[in-house]
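Here is a short tour to read with the model open beside you. Take a moment to turn it around before we begin.

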Amino acid sequence: MVPRQPGRRLQLVSRTRLAVWGDPIAHSRSPQMHTAAYAVLGLDWTYERRRVDADAFDAAVRALDGTWRGLSLTMPLKEVAHRHADVRDAHAELTGVVNTLLLGDRVAGFNTDIGGIVDALAENGIAGVQRVRLLGAGATAASALVAASDLGAR
């Protein structure tokens with residue numbers, strides 16, 4: 001807690017800014033989707049898009065002020081975001097991939113791709129698998145591999 005000084009008003013900073021970062025990023029529809037969801041929920045939050053490459057990531061995160069709540073990450077930032085997080089969920093630890101950063105005193109990293117893959121398959125009637133063929137070797141492939149394992153593939 002910041003001590004109040006006589007004659008000065010304490011200004012509380014509200015964390016209401018979020019964004020999706022990646023390179024390329026201009027194609028992302030996330031800002032429109034998040035903005036619509038915030039409006040329905042009655043939240044006065046903003047969701048932006050910003051082109052950031054892996055080399056610029058650490059400096060870009062350090063430049064954020066206290067108005068920032070979190071970041072969604074896409075390629076090529078998922079591995080570098082993993083290294084940036086102070087704490088990580090179990091799926092992030094398994095994959096070395098973070099697609100969501102919750103900003104604050106400690107930066108928390110999450111891999112929500114795995115749950116998204118499992119949910120998308122379940123919505124299409126696939127609740128389990130025995131075998132899969134996986135093409136790719138990047139962050140999404142690592143998440144798909146763990147999702148397949150969670151669904152029973154060996």
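At what angle do helix α5 and helix α6 pack, and how far apart are their axes? Bear in mind that this is a predicted model. Two packed helices are described by the angle between their axes and the distance between the axes. Here, α5 (residues 113–123) and α6 (residues 139–150) pack at about 55°, and 8 Å separates their axes. That angle falls in neither the roughly parallel class, which is under 35 degrees, nor the roughly perpendicular one, which runs from 65 to 115, so α5 is oblique to α6. The crossing of the two helices is right-handed.

If you would like to see who meets whom, look at Asp113, Ile114, Ile117 and Val118 on the α5 side. Their counterparts in α6 are Ser143, Ala144, Val146, Ala147 and Asp150. By type, the residues of this contact split into 6 nonpolar, 1 polar and 2 charged.

Now step back to the whole protein. Its secondary structure consists of 6 helices and 6 strands. Following the sequence, you will meet them in the pattern β-α-β-α-β-α-β-α-β-β-α-α. Along the principal axes, the C-alpha atoms fill a box of roughly 70 × 35 × 30 Å.

Next, let us visit some aromatic rings. The structure contains 2 aromatic pairs. In the pair of tryptophan 21 and phenylalanine 57, the ring centres are 5.9 Å apart and the planes stand at 80°, so the pair is edge-to-face. Tryptophan 21 belongs to strand β1 (residues 17–22) and phenylalanine 57 to helix α2 (residues 57–62), so this pair ties together parts that are 36 residues apart in sequence.

Tryptophan 21 also turns up in the surroundings of serine 72. You will find serine 72 in strand β3 (residues 68–73). Its side chain makes a polar contact of 2.7 Å with the side chain of tyrosine 47. Beyond its neighbours within four places in sequence, serine 72 is in contact with Ala19, Val20, Trp21, Tyr47 and Asn99.

Where does aspartate 89 lie? Aspartate 89 is in the loop between β4 (87–88) and α4 (90–95). With neighbours within four places in sequence left aside, aspartate 89 touches Gly109, Phe110 and Asn111. Threonine 112 is 23 residues from aspartate 89 in sequence, and their C-alpha atoms are 9.4 Å apart in space.

Finally, a look at the backbone. Most residues other than glycine have a negative phi, and most peptide bonds are trans. The bonds in this table are cis, and each leads into a proline in a loop.

| Cis peptide bond | Omega | Place of the proline |
|---|---|---|
| Aspartate 23 to proline 24 | near 15° | loop between β1 and α1 (30–41) |
| Methionine 75 to proline 76 | near 5° | loop between β3 and α3 (78–84) |

Terms used:
Residues are numbered from 1 along each chain as its sequence is written. Side-chain values use heavy atoms; hydrogens and water are left out. Axes are lines fitted to C-alpha atoms, for helices over the stretch in contact, and angles run from 0 to 180 degrees between N-to-C directions. Helices (H or I, at least four residues) and strands (E, at least two) are DSSP runs, numbered from the N terminus. Angles under 35 degrees count as roughly parallel, over 145 as roughly antiparallel, 65 to 115 as roughly perpendicular and the rest as oblique. A crossing is left-handed if the near helix is turned anticlockwise from the far one by less than a right angle, and right-handed if clockwise. Contact means heavy atoms within 4.5 Å. Ala, Val, Leu, Ile, Met, Phe, Trp, Tyr, Cys and Pro count as nonpolar, Asp, Glu, Lys and Arg as charged, and the others, Gly among them, as polar. A polar contact is a pair of N or O atoms within 3.5 Å; within protein, one must be able to donate a hydrogen and the other to accept it, and residues adjacent in sequence count only if both atoms are side-chain atoms. Rings of Phe, Tyr and Trp (its six-membered ring) pair if their centres lie within 6.5 Å; planes under 30 degrees apart count as stacked, over 60 as edge-to-face and the rest as tilted.
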